[in-house]
Amino acid sequence: MAKYLVISSSGNPSSNSRKMGRIAFQYLQKARTDCSWLDLAEMGLPLCDADACYAHPSAKRLSTAVKAADGVIVAAPVYNYDVSASAKNMIELTGSAWEDKIVGFLCASGGMSSYMSVMAYANSLMLDFRCVILPRFAYATGDVFDDVTLNDAKIIQRIEQVSAELIRFTEVLRG
Ligand SMILES: Cc1cc2nc3c(=O)[nH]c(=O)nc-3n(C[C@H](O)[C@H](O)[C@H](O)COP(=O)(O)O)c2cc1C
């Protein structure tokens with residue numbers, strides 16, 4: 001049975017991308033998949049120094065979780081027209097654990113003009129680790145969230161579409 005992982009990569013305690021990730025995780029649970037949730041904010045990860053960081057217990061735990069998954073959803077904040085440094089640090093720490101994964105993205109931003117910000121990150125996963133990137137991602141600006149959740153039916157539907165596509169791609173590609 002295929003394994004799925006949803007990763008929340010924001011360090012913000014009231015992160016909007018985490019709220020998006022939660023909706024995706026609930027969808028995967030309802031679809032009765034074998035799915036796990038990982039919140040980088042709770043892991044105490046080191047910054048990648050290309051040396052001692054790889055032996056850090058949290059970095060090892062993260063690598064193991066990524067390696068074990070077939071399909072991964074990354075929920076990420078948009079910072080400076082890219083994804084956050086925390087999301088990039090995750091890839092730097094785990095590298096080849098990403099080989100051949102099917103990957104989808106959920107992005108939280110401040111405004112609409114940063115909607116292609118995830119592309120450099122997606123390219124790096126595709127070209128470095130031969131990940132298959134879902135050609136659909138969910139993107140939400142701050143106005144659709146309250147303190148607890150997301151209140152926009154279209155964005156919720158979009159997150160569920162991304163989650164359904166992750167299952168579809170993973171099942172086909174993993175046979
Ligand atoms: C350092 C920093 C840089 C940001 N850069 C952008 C940006 O380039 N484009 C944008 O639309 N929003 C930007 N924002 C707004 C965030 O994308 C927004 O707060 C989003 O909710 C962050 O995701 P999170 O709530 O999951 O942490 C930035 C916010 C911060 C703190």
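**Exercise 1.** Determine which pattern of helices and strands the chain of this predicted model follows along the sequence, and judge its radius of gyration against the globule rule.

*Solution.* Reading along the sequence, one finds the pattern β-α-β-α-β-β-α-β-α-β-β-α. Counting by type then gives five helices and seven strands. The radius of gyration is 15 Å, close to the 16 Å that the globule rule gives for 175 residues, so the chain is as compact as a globular protein of that length. Along the principal axes, its C-alpha atoms fill a box of roughly 45 × 35 × 25 Å.

**Exercise 2.** Establish how far helix α1 reaches, how many of its residues are buried, and which elements these buried residues pack against.

*Solution.* Helix α1 covers residues 16-30, and from its first C-alpha to its last it reaches 22 Å, close to the 21 Å expected at 1.5 Å a residue. Taking a residue as buried when 20 or more other C-beta atoms lie within 10 Å of its own, eleven of the 15 residues qualify, which leaves the helix mostly covered; among them are Met-20, Ile-23, Phe-25 and Leu-28. The buried residues pack against the strands β1, β2, β3, β5 and β7, and also against helix α5. After α1 comes Arg-32, whose phi is positive, near 60°.

**Exercise 3.** Identify which residues come nearest to the ligand, and describe the makeup of the shell around the ligand.

*Solution.* Of the 17 residues around the ligand, Ser-15, Ser-17, Pro-77, Ser-109 and Gly-110 come nearest. The elements giving two or more residues to this shell are α1, β3 and β5. Sorted by character, the shell holds five nonpolar residues, eleven polar ones and one that is charged.

How values were computed: Residues are numbered from 1 along each chain as its sequence is written. This is a predicted model: local features need pLDDT of at least 70, side-chain atom pairs count only at pLDDT 80 or more; totals for chains, interfaces and linings use all residues. Helices (H or I, at least four residues) and strands (E, at least two) are DSSP runs, numbered from the N terminus. The expected span of a helix is 1.5 Å times one less than its number of residues. A residue is buried if 20 or more other C-beta atoms lie within 10 Å of its own, exposed if 12 or fewer, and partly exposed in between; C-beta atoms are placed from the backbone. Two residues are in contact if their C-beta atoms, placed from the backbone, lie within 7 Å. A residue is near a molecule or strand if its C-beta atom, placed from the backbone, lies within 6 Å of it. Ala, Val, Leu, Ile, Met, Phe, Trp, Tyr, Cys and Pro count as nonpolar, Asp, Glu, Lys and Arg as charged, and the others, Gly among them, as polar. The radius of gyration is taken over C-alpha atoms; the globule rule is 2.2 Å times the number of residues to the power 0.38.
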